[in-house]
Amino acid sequence: MNSLRTVKGMHDILPKEMPKWHFLEETFRELVDRFGYQEIRTPAVEPLELFVRGIGEVTDIVEKEMYAFEDKGGARLALRPEGTASAIRSYIQHNIGGQQPISKFYYVGPMFRRERPAKGRYRQFYQAGAELIGVEEPTADAEIIDMAVQFVEALGIENVRVQINSLGDQETRPLFRDALVEYFAGDLDKLCPDCRRRLQTNPLRVLDCKVRDCVETAAGAPSVLDYLTGEAAGHFNELKRLLDENGTPYQVAPKMVRGLDYYTRTIFEIQGESDTLGSQATIVGGGRYDNLVKDLGGKQTPTIGFAFGIERLLLMLGPGASVAVRPTIYVAGIGDGGLDRAITLARTLRKAGNKIEVSYREGSLRSQLKRADRYGAIIAIIAGEDEAARGNVTWRNMKDGSQEEVSLSDLDERLEAHK
Ligand code: HAM
C-alpha cells in the first residue's frame with residue numbers, strides 16, 4: 001500500500017514550528033484588539049454560490065482554483081478560498097449591521113485555492129484578515145492601511161513596499177472596461193485564449209494574467225486613474241493626504257487591479273523583499289468592496305479590509321521572532337512509592353500553574369534525569385523516599401547539576417520565578 005501523505009500543496013505545521021505561528025497570531029490579535037476589531041469564525045465550507053457571486057465568476061479563484069463539490073445530499077459547496085465573502089455573509093445573515101452600524105471583524109484561519117504549489121504558495125494556506133464595515137470616508141481606508149503596516153512593523157519585517165491604487169466607482173468601471181477593450185483589440189493574437197475570452201466577459205482580469213505575452217501586451221494599457229470620477233479622485237486624494245499625515249510610506253501603482261471582482265475605489269498591497277519569497281512577494285492584499293453587502297443580499301454598505309498570508313509572513317520573520325516558550329520543570333520520583341509521589345506532586349504543581357513533565361513509569365534517577373534533559377527541563381524536582389520523610393524534595397538545577405534539599409512548602413515560591 002502506498003504510504004499516506006498530505007495532499008499536494010497542503011502541509012503539516014509541526015509542533016516545533018508553532019512558537020512562530022503563536023507569536024504571529026498573538027501579535028495580530030493584540031494589534032487588532034487595540035483598534036477595536038472583534039474575532040469572527042465562519043465555516044470552512046460555504047455555499048458555492050457565495051464565492052461565485054462574491055468574488056466573481058470570471059476570476060482565476062472561481063474559474064480555476066476553487067475546491068467546489070457536491071455533497072452527498074446534492075448541495076453545491078466550496079472550501080472557502082478567502083474570508084471576506086464569508087464574513088459579509090455572516091454580517092448579513094445575523095443582521096449585525098442592525099445592532100452595530102460600524103462593525104469591525106478580524107479572522108485567522110485556513111483558506112483553500114487549487115493553485116500551482118510554489119514557495120509561499122499553497123493549496124491550503126492561512127490568512128489573518130480584518131474587515132471594517134459601515135464607513136464610507138477615506139479615514140477608514142487610512143486606518144486599515146495603517147493597521148496593516150503596523151502589523152508588519154510589529155513582526156519586525158523591514159523593507160516592505162506599500163502600493164495603493166483606486167479602481168473608481170460604478171461610473172468608472174464601464175468607461176475603463178471600454179478603454180481596455182479598445183486597447184487590446186489590436187493585439188488580440190498576442191493574448192492567451194483565456195484573456196481573449198476575458199476581454200469579452202471581464203476585461204479587468206486581463207491585467208492580472210500571469211502569462212508572459214499577456215503581461216507584455218498589457219504593459220502599455222490605460223491606467224484606471226485616468227477614468228476616476230471627481231468623487232472617486234477626491235476620495236483617493238484624501239486617502240493619500242491622510243497617509244502622508246500618518247507618515248505611512250506608499251507608492252501609487254496605477255496598473256494594480258487585484259484578482260477579485262468585488263473591489264471598488266481603494267485597493268492596496270504590501271510587497272515583501274522578493275529574494276526571500278521569490279515570486280510570491282505579496283504579503284497582504286486588501287481594499288474597498290462597497291457593493292458586496294448589497295450584491296450578497298444586504299443593504300448598500302461601504303466596506304474595506306485586508307488579508308495577510310501567514311505562511312508568507314513567516315518566511316520573512318527573523319530567527320529571533322517567536323513567543324517565549326515557558327520553561328519546563330521535571331518531577332522525578334525515586335525509591336519506594338516514587339512514581340506515586342511524583343505523579344501527586346506533578347498534579348499539584350500543574351494545578352498551581354507550572355509547566356511540568358513527569359515520568360510515566362518507574363525508573364532510575366539517571367534515566368529520569370536523561371529524560372528531563374530531553375524535555376529541556378531547567379529544574380528537576382526529585383521526590384525521593386528519604387527527603388519525603390522530612391517533608392522535603394531535592395531541587396536540581398539542570399544546567400549546572402547543583403542540588404539542594406528544599407521544603408515542599410517552599411516550592412510554590414521557588415517556582416514562581418519559572419512560570
Ligand atoms: P488575496 O490577495 O487573494 O486577497 O489574498 C490575500 C493574501 O493571502 C495574499 O496577499 C497572500 O499573502 C495570501 N495568499 C493568497 N493565496 C495564497 C496561496 N495560494 N498560498 C499562500 N498564501 C496565499 C484576499 O483574499 C481578500 N479577501 C483580501 C481582502 C480582505 N480584501 C478586502 N478584505
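Which residue takes a positive phi in the hairpin of β15 and β16? In this predicted model, that residue is G401, with a phi near 80°. The hairpin has 5 residues between its strands. Strand β15 covers residues 392-397 and strand β16 covers residues 403-407; the two run antiparallel and are joined by 5 bridges. One of the pairs to look for across the hairpin is V393 with its bridge partner in β16, V406.

The hairpin is a good place to start reading the strands, and the sheets come next. Strands of a sheet pair through backbone hydrogen bonds, either parallel or antiparallel. One open sheet has 3 strands, in the order β2-β4-β3, and its pairing is antiparallel. At its edges stand β2 (45-47) and β3 (68-70), each of which pairs on one side only. From one strand to the next, the twist averages 40°. Between β2 and β4 (residues 76-79) there are 3 bridges in the antiparallel sense, and E46 has A78 of β4 as its bridge partner. Helix α2, made of residues 48-55, packs on this sheet and touches β2, β3 and β4. The direction of α2 makes about 70° with that of β2.

A second open sheet is built from 8 strands, and following it from one end to the other gives the order β1-β5-β6-β11-β10-β9-β7-β8. Here the pairing is mixed. The edges are taken by β1 (38-39) and β8 (251-252); each has a single partner strand, so one side of each is left without a neighbour in the sheet. Further inside the order, strand β7 (residues 161-166) and strand β9 (residues 264-271) run antiparallel and are joined by 6 bridges. Within this pair, I164 stands opposite F268 in β9. Helix α10 (residues 230-246) packs on the sheet, where it touches β7, β8, β9 and β10. The direction of α10 makes about 160° with that of β7.

The ligand can now be placed among these elements. The ligand is surrounded by 26 residues, and the closest are E82, T84, E115, E131 and Y263. By type, the residues of this shell divide into 10 nonpolar, 9 polar and 7 charged. Several side chains bring polar atoms to the ligand. For E115, an N or O atom of the side chain is 2.7 Å from a nitrogen atom of the ligand. R113 has a polar side-chain atom 2.9 Å from a ligand oxygen atom, and for Q127 a polar side-chain atom lies 3.1 Å from an oxygen atom of the ligand. Taken alone, the ligand exposes 660 Å², of which the protein buries 96%.

Which elements give two or more residues to the shell around the ligand? They are β6 (124-133), β10 (282-288) and β11 (303-309), and each of these names also appears in the order of the 8-strand sheet. Of the elements, β10 gives the most to the shell, with 6 residues. Strand β10 is also one of the strands that helix α10 touches.

Methods
Residues are numbered from 1 along each chain as its sequence is written. Side-chain values use heavy atoms; hydrogens and water are left out. A residue is near a molecule or strand if one of its heavy atoms lies within 4 Å of it. A polar contact is a pair of N or O atoms within 3.5 Å; within protein, one must be able to donate a hydrogen and the other to accept it, and residues adjacent in sequence count only if both atoms are side-chain atoms. Accessible areas come from the Shrake-Rupley method with a 1.4 Å probe; for residues, only the protein chains shown count as cover. Helices (H or I, at least four residues) and strands (E, at least two) are DSSP runs, numbered from the N terminus. Ala, Val, Leu, Ile, Met, Phe, Trp, Tyr, Cys and Pro count as nonpolar, Asp, Glu, Lys and Arg as charged, and the others, Gly among them, as polar. Two strands pair if DSSP finds at least two bridges between them. Axes are lines fitted to C-alpha atoms, for helices over the stretch in contact, and angles run from 0 to 180 degrees between N-to-C directions. Contact means heavy atoms within 4.5 Å.
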